[in-house]
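Subject: Two-chain model for you to look at

Hi,

Here is the structure I promised to send over. Have a look at it first, and then read on for my notes.

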Amino acid sequence: MTTQGAIHQAASGQPARASTLSSWQMAWRRLRRNPLSMMGLVIIVAFVLIALLAPVIAPPKAGARDPYMMPHEGYSPDPRPPRPGHPLGTTEQAFDIFYGLVWGARTAFRVGLAVVATAVTIGIVLGGISGYYGGRLDEILMRIVDVFLAFPGLILAVVVVAILGPGLEKVMFALALVSWPGYARLLRGEVLSVRERDFIEAARALGASDLKVIARHVLPNSIYPVLVVSTLDMGSIVVAAAALSFLGLGAPVGYSDWGQIISLSRGWILGGAGNALQFWYTVVFPGAALFLFTLGWNLLGDAFRDILDPRLRGAT
Amino acid sequence: MTAFVVRRLLLLPLVAFGVTLLIFGLLQMLSPQMRAALYVTDPRQLRAVDSIIRTHGLDKPFHTQYVGWLGRVVRGDLGWSETAKMPVARAIGTFFPATLELTIFAVVPILVVGIWLGTLSAVHRDRVVDHFSRFFAISGTSMPTFVWGLLLLMVFYGAWQLFPPGRLSLEPNMYVLSQQFRPYTRLMTVDALLNGQLWIFVDALRHLALPVLTLSLVSCATLVRVTRSSMLETLRQDYVRTARAKGLNDGVVVNKHARKNAMIPVVTMSALLFVGLLNGVAITETVFGYPGIGLWGVNAAIQLDAAAVAGFALFNALLLVVGNLAADILYALIDPRIRLR
C-alpha cells in the first residue's frame, strides 16, 4: 500500500503541485516588480476596505430600513454641489453621492463576485466534462456554447433583463447567463491539451477515478487562463451591470449602485444657463469610482496574463 | 484548412438554428398579445389581436408556434417594430448603415494608435514608455463607455458647443430628407460628398467625432495588447537577431523585419474588433443619441418590442458568426504557414 501510495504521489501529485508552487512564487515576484501591477493590487485592496468598512465610513441613518438605499434630505429636483455634510454633493432628488459611492463598493463586489463565481462554476463543470470526455457530449455542449457566443453579450443581457423585469438580481442572472460560455470554451481548450499528458495517463493507470483525475490533476493544470479572464471580468461585469443600470434596467432609483447614480446625472450633463459644467460632480465622482474599480482589476488581470502566458514566461 | 472552413460553414446553419431557438424561447415569456407583432407588417392589423393569436396559434404548444415563426423568418418576414414604426426588416436596413459608418470611422484611429503604441511598448519592454502606453491603454478600457460619453458631451457639447449629439443638425437633416438629396450608400459622409454637399459632410463629421473618440479610447487597449505580445514574440526570433547581427539599425529591424510578421495576429484581431464594434456600439449610440442599430435595439428591448428584439438579435448574431468566420479565413490567407498545414 505504502509503495503504491508513493508511486501514486510521484506519478501524479508532483507535476501539478510543483508547477503550482513555482508559478505562485514567480507570480508574486513579477507582480512586485511591475509598478502597474502593484498599483492594481493597492486599488483593489482599498476598495475591499471601503466595502468592508462601509457602515463606519458612511453610517446609515438611525432607523434606516435598508442601508443600501441612499439617504436623502428632501426632494430637491436639482443636484447640489459639495458642501459640509455632503462632501461629494447631492444628485437630483437630493441623494447623497458620498454615501452612495461607499455603499456602492459593496454592491460592486456583490455583483462582480456573484456573477463571476456562477459563470466560472458552470464554465468549469461543462468545459471540464466537454474537454475530458470529448466525443458526442463535447460536440453537443460546444454547439450550445456557440449559440450563446453568437450573441453580443450586453445585447443578450439587455433582452433577458427587459423580459424578466428590472432589478439587480435579474441583472446578475442575465450577466451570468451570458458569461459562462466563454469560460466553458476556454477551459475545454486547456483540458484537451492537458488530458493527453503523461501524468494523467499515469494517474489513470493507477486506478484513480475520473472525478479524482479531473479534480486533482486536470483542473489544477488548466485553470490559469480561467483565473486571468475571471480577474478581468470582475471589472467588466461590474461595468456591464452599471451600463444596464444606466439604461434604467438595473438597480432601483436611490439604490447605492454606481451605474444608477450616474444615470441620475444624465439630465444634468449640459449644465445650467451660463455655466455648462455646473453639475460636474454628478458624473465625475461616480464615474471615477467605476473607473478605478475596473482599472484595478484590469491591471491585476493584465499582470496575471503576462506572468502566466507561456510564450512570454521566462523571457526576462 | 479547406476542411476547417467547410466544417465551419456546415456548422453555420446549426448555430443559426440554435440562435432562433434561444430567441424564440426567450420571447415565449411574453404574453401572446405582445408577441402578435411578430406576425404583422402593418400596425393596423394589430387591432385584430385576437384573430392573429388564433391564426398563428400563439396559445399553442411551443414547437407548433416555433415552426410557424421560423417559416416566416426564413422568408424574410420579421414582423412589425413598434419602436421604429416600420417593419423590422426595413428598420435594419435603415439603421444599420449609420452603425456601419460609425464603425468604419472608429476603426481607423484604433488601428493606427493601437499598432503604434503596441510596437513602442514591445520595443521598450518594462521601461517607462512601456508602462506609460500600457497604462494609457488600460485606463481607456477601464473607463465605462457611458462615462466617457457623458464627460465628452459635457465638455465638447455643453461647454464648447463644438460636437453635437445625434447624426445631423436640423438644417442638413431637412436637406437630406428632401428630394434634392440622393441617398446612394446611406453612409452620410459618402452620400454628402457624392451629392457635392460639403456642408453636410462637415456636419456629419462633427456628429461622428465624439462617438468615434469614445469607441477608440475604449477599444484601443485590445490592439495594443495583441500587438505588444506578438511583437515581443517576434523580436525573440532568430531571423531578427540575424538582421541585428548584420548591423542593420534598430528602426529597420523593428519596422521592416519584425513588424510584418508580428502583424499576422493583429490583422485577425482587427477583423474581430470590427465585428465586435458593429455589435458593441449600442451603449455609445444610446449616450450620443446616434440613430444606429444599437440605439434602436436597446430601445426595443426596454420597451419589449418583441418583433424588433427578435430581428435585432438575429441580425447581430448573424453578423458575429459570419464575421468570425471571415476573420478565421483571413488568418489563413495572410499566413502561408497555416494555409499549407
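Let's start where the chains meet: 44 residues of chain A are in contact with 46 residues of chain B. On the chain A side, the elements that put in two or more residues are helix H2 (35–52), helix H5 (135–149), helix H6 (153–164), helix H10 (224–246), helix H11 (258–265) and helix H12 (281–308) of chain A. Which of these gives the largest share? That would be H12(A), with nine residues. Sorted by class, the side of chain A that touches chain B comes out at 32 nonpolar, seven polar and five charged residues.

Bear in mind that this is a predicted model, so here is how chain A does on confidence. Its mean pLDDT is 84, and 90% of its residues get to 70 or more. Within chain A, the low point is helix H1 (residues 2–33) of chain A, with a mean of 56, while helix H4 (residues 97–133) of chain A has the highest confidence, at 95. Please go easy on the start of the chain: over residues 1–18 of chain A, pLDDT stays under 50. For that stretch the model has 15 contacts beyond four places in sequence.

Now the make-up of each chain. Chain A has twelve helices and zero strands, so there is no surprise in its pattern along the sequence, α-α-α-α-α-α-α-α-α-α-α-α. Chain B has 16 helices plus two strands. As for burial, 48% of the 316 residues of chain A count as buried, and for chain B the figure is 43% of 341 residues. What about contacts across the sequence? Taking pairs at least 6 apart in chain A, 70% join residues at least 24 apart. In chain B, residues 24 or more positions apart make up 73% of the contacts with a separation of 6 or more. If you want a frame for the view, the C-alpha atoms of chain B fill a box of roughly 80 × 55 × 35 Å along the principal axes.

One helix pair in chain B is worth a look on screen. At what angle do helix H5 (residues 88–123) of chain B and helix H12 (residues 250–280) of chain B cross? Roughly 145°, with their axes coming within 10 Å, and the crossing of H5(B) and H12(B) is right-handed. From H5(B), the residues making the contact include B:Ala106, B:Val107, B:Ile110 and B:Leu111; from H12(B), they include B:Val266, B:Leu273, B:Phe274 and B:Leu277. Overall, the contact of H5(B) with H12(B) divides into twelve nonpolar residues, four polar and one charged.

Finally, two backbone oddities. Most residues other than glycine have a negative phi. A:Gln93 is not a glycine, yet its phi is positive, about 65°. A:Gln93 sits in the loop between helix H3 (54–57) and H4 of chain A, and A:Gln93 counts as partly exposed because it has 16 C-beta neighbours inside 10 Å. Over in chain B, B:Gln161 also has a positive phi, of about 55°, without being a glycine. Its place is the loop between helix H7 (145–159) and helix H8 (170–177) of chain B. Is B:Gln161 buried or exposed? Exposed, because B:Gln161 has 9 other C-beta atoms within 10 Å, and the cut-off for exposed is 12 or fewer.

Cheers

Conventions
Residues numbered from 1 in each chain as written. Chains lettered and ligands numbered in written order. Predicted model: local features only at pLDDT ≥ 70, side-chain atom pairs only at ≥ 80, totals over all residues. Helix = DSSP H or I, 4+ residues; strand = E, 2+ residues; numbered from the N terminus. Buried ≥ 20, exposed ≤ 12 C-beta atoms within 10 Å, placed from the backbone. Contact = placed C-beta atoms within 7 Å. pLDDT = per-residue confidence, 0-100. Nonpolar A, V, L, I, M, F, W, Y, C, P; charged D, E, K, R; others polar. Axes fitted to C-alpha atoms, helices over the stretch in contact; angles between N-to-C directions. Left-handed = near helix turned anticlockwise from the far one by under 90°.
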